[in-house]
Amino acid sequence: MNFHILTLFPDMVVDALNTGILGKAVAKGIIGLDGVDIRDFSHNRHRKVDDYTYGGGAGLLMQAQPIYEAVQSVQERLPKKARVIYMTPQGRVFTQEMASGFSREDDLILLCGHYEGIDERVLEECATDFVSIGDYVLSGGEIPAMVLVDTVSRLVPGVLHNEVSAETDSFQNGLLEYPQYSRPEEWHGRQVPQVLLSGDHAKVDEWRLAESLERTRERRPDLYKAWLKEHPPAPVKRRKRKADGEK
Ligand code: SAM
């Protein structure tokens with residue numbers, strides 16, 4: 001899967017992503033990181049890509065033309081038109097479920113804004129998705145794009161190995177993950193829960209689900225409520241009360 005990241009800082013984005021698990025996936029050719037410098041598409045001799053906003057107000061805006069040409073330059077290289085995701089605080093808040101959908105694409109184009117954002121007209125023509133990483137404002141789209149690339153890559157087959165599995169991660173089944181422990185069995189007087197040392201896999205699974213549910217109920221009541229709606233508890237069968245004198 002290839003990520004084409006349109007940005008004013010391609011080196012920063014590619015260097016930061018090309019490390020650890022993701023770096024290994026890039027080396028194996030499972031993930032491609034293509035940093036596209038929007039300034040390369042400026043027609044200005046100073047490589048300027050921003051200008052004042054119409055209607056007044058403070059701040060500069062990224063202009064439509066360099067972004068349009070940058071997007072086209074990537075689309076022309078691809079066998080089929082890719083989705084163009086504009087990272088913006090005005091987008092849908094990014095979730096694991098959205099990441100899972102994106103991980104099925106062969107190519108994704110990510111657009112990183114700066115200053116006051118991007119001229120609306122090029123977004124109308126090119127953007128297919130608007131994604132936010134949360135209800136707060138960063139100064140550029142690079143960190144949001146890195147969040148998306150990292151999250152989506154983990155779900156691409158072959159990127160993770162057994163030592164790190166996405167299947168049991170938080171949000172995969174709508175719950176937060178259960179607590180985890182490694183060696184030693186006792187640390188600062190705190191014991192690893194006995195059930196995890198028992199070798200009884202059914203009991204371990206049961207404990208993990210119970211811990212997951214409890215942790216989600218405590219920390220994310222919104223998720224817990226949604227999970228209960230999807231998994232209503234089985235009705236308890238009540239025994240019929242016997243009439244007085246009946247045996
Ligand atoms: N004036 C814009 C607004 O109020 O919606 C905010 C512009 S912000 C300072 C500059 C750029 O940072 C945006 O164009 C976007 O690419 C990126 N950005 C900022 N916050 C973001 C968020 N929460 N999620 C995704 N991208 C964000």
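Guide: A polar contact is a pair of N or O atoms within 3.5 Å. Keep that cut-off in mind as we look around this model, which is a predicted one.

Visitor: Thank you! How far is the oxygen atom of the ligand from a backbone N or O atom of glycine 140?

Guide: The ligand's partner here is an oxygen atom, and glycine 140 offers a backbone N or O atom. A polar contact needs such a pair within 3.5 Å. The separation between these two atoms is 3.5 Å.

Visitor: How much of the ligand's area does the protein bury?

Guide: Start with the ligand taken alone, which exposes 590 Å². Of that area, the protein buries 86%.

Visitor: Which backbone lies 3.0 Å from a nitrogen atom of the ligand?

Guide: There are two contacts with ligand nitrogen to look at. A backbone N or O atom of isoleucine 133 lies 3.1 Å from a nitrogen atom of the ligand. The 3.0 Å distance, between a ligand nitrogen and a polar backbone atom, belongs to leucine 138.

Visitor: Which element gives the largest share of the shell around the ligand?

Guide: The shell has 21 residues, and Tyr86, Met87, Gln90, Gly113 and Tyr136 come nearest. By class, 10 are nonpolar, 10 polar and 1 charged. With 5 residues, the largest share of this shell comes from β5.

Visitor: Now for the whole protein: what distance separates the centres of domain 1 and domain 2?

Guide: The domain assignment places domain 1 at residues 2-153 and domain 2 at residues 186-230. Taken over C-alpha atoms, their centres are separated by 38 Å.

Visitor: Is serine 212 buried or exposed?

Guide: You will find serine 212 in helix α7, residues 201-219. Beyond its neighbours within four places in sequence, serine 212 is in contact with Leu175, Leu176, Glu177 and Tyr178. Buried means under 20% relative accessible area. Serine 212 has 6%, so the residue is buried.

Visitor: And threonine 151, buried or exposed?

Guide: Threonine 151 sits in helix α6, residues 142-153. Leaving out residues up to four places away in sequence, threonine 151 touches Phe94, Gln96 and Ala99. Its relative accessibility is 19%, and therefore threonine 151 counts as buried.

Visitor: What about tyrosine 52, buried or exposed?

Guide: Strand β3, residues 50-52, holds tyrosine 52. Not counting residues up to four places away in sequence, tyrosine 52 touches Gly59 and Leu60. A residue is exposed when its relative accessible area is over 50%. Tyrosine 52 has 66%, so this residue counts as exposed.

Visitor: What is the separation between the C-alpha atoms of tyrosine 52 and glutamine 63?

Guide: Along the chain, these two residues are 11 residues apart. In space, their C-alpha atoms are separated by 9.3 Å.

Visitor: Which residue follows arginine 183 across a cis peptide bond?

Guide: Look in the loop between α6 and β8. The cis bond from arginine 183 has omega near 5 degrees. At its other end is proline 184.

Visitor: Which residue in the loop between β8 and β9 should I look at?

Guide: Look for a positive phi of about 50 degrees in a residue that is not a glycine. The residue is exposed, with a relative accessible area of 65%. Its name is histidine 188.

Visitor: Lastly, what is phi of tyrosine 115?

Guide: Tyrosine 115 lies in the loop between β6 and α5. Tyrosine 115 is partly exposed, with a relative accessible area of 39%. Its phi is positive in a residue other than glycine, with a value near 55 degrees.

Definitions and conventions
Residues numbered from 1 in each chain as written. Predicted model: local features only at pLDDT ≥ 70, side-chain atom pairs only at ≥ 80, totals over all residues. Heavy atoms only, no water. Domains from an automatic or database assignment. Near = heavy atom within 4 Å. Polar contact = N/O pair within 3.5 Å; in protein donor to acceptor, adjacent residues only side chain to side chain. Areas by Shrake-Rupley, 256 points an atom, 1.4 Å probe, with all protein chains shown as cover. Helix = DSSP H or I, 4+ residues; strand = E, 2+ residues; numbered from the N terminus. Nonpolar A, V, L, I, M, F, W, Y, C, P; charged D, E, K, R; others polar. Buried < 20%, exposed > 50% of the residue type's maximum accessible area, 1.4 Å probe, protein only. Contact = heavy atoms within 4.5 Å.
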